[in-house]
Amino acid sequence: MKCVRKEQYECVYLTKQNRDKVIKILNPYFENKQMLIEEDNDRYFAYKHLGMKMYYSYNHWYVKNIDEYYTWSCYTDEEFKEEFKLVEER
């Protein structure tokens, strides 16, 4: 999917149903590795990477930051709609 602020950004909406696909988008270096999910419930999932536990919330938007090296910011649906306009769906 794509969204715009003043410029175009990569974005994705995370749901429980598309979790495995989104993991590959948010963390492409896991594509050829088995990733072990330590926690999974109706609100989020979590896994451990390099000793840090990473949390991802379901039913939230993730927008790629252009200022930093391949990091993603998390937005609720309401926050996303205030900041961005969706211009392309995949």
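This passage describes the salt bridges of a predicted model.

Side chains of opposite charge can pair when their charged atoms come close. In the predicted model, seven salt bridges are found. Three of the pairs are described here, with the exposure of each partner.

One salt bridge joins lysine 53 to glutamate 39, with an N to O distance of 2.7 Å. This pair links distant parts of the chain. Lysine 53 belongs to strand β5 (residues 52–57), and glutamate 39 belongs to strand β3 (residues 37–40). The two residues are 14 residues apart. Lysine 53 is partly exposed, at 32% relative accessible area. Glutamate 39 is also partly exposed, at 25%.

A further salt bridge lies within a helix. Aspartate 77 and lysine 81 pair through their side chains, at 3.1 Å from N to O. Both residues sit in helix α2 (residues 77–83). They are four residues apart, about one turn of the helix. Aspartate 77 has a relative accessibility of 29% and is partly exposed. Lysine 81 reaches 60% and counts as exposed.

Salt bridges with shared partners also form a network, which joins Lys16, Arg19, Asp20 and Asp40. Within this network, arginine 19 and aspartate 20 form a salt bridge. Their closest N and O atoms are 3.3 Å apart. Arginine 19 has a relative accessible area of 16%; this residue is buried because the value falls under 20%. Aspartate 20, in contrast, is partly exposed, with 48% relative accessibility.

Technical notes: Residues numbered from 1 in each chain as written. Predicted model: local features only at pLDDT ≥ 70, side-chain atom pairs only at ≥ 80, totals over all residues. Heavy atoms only, no water. Salt bridge = Lys/Arg side-chain N within 4 Å of Asp/Glu carboxyl O. Buried < 20%, exposed > 50% of the residue type's maximum accessible area, 1.4 Å probe, protein only.
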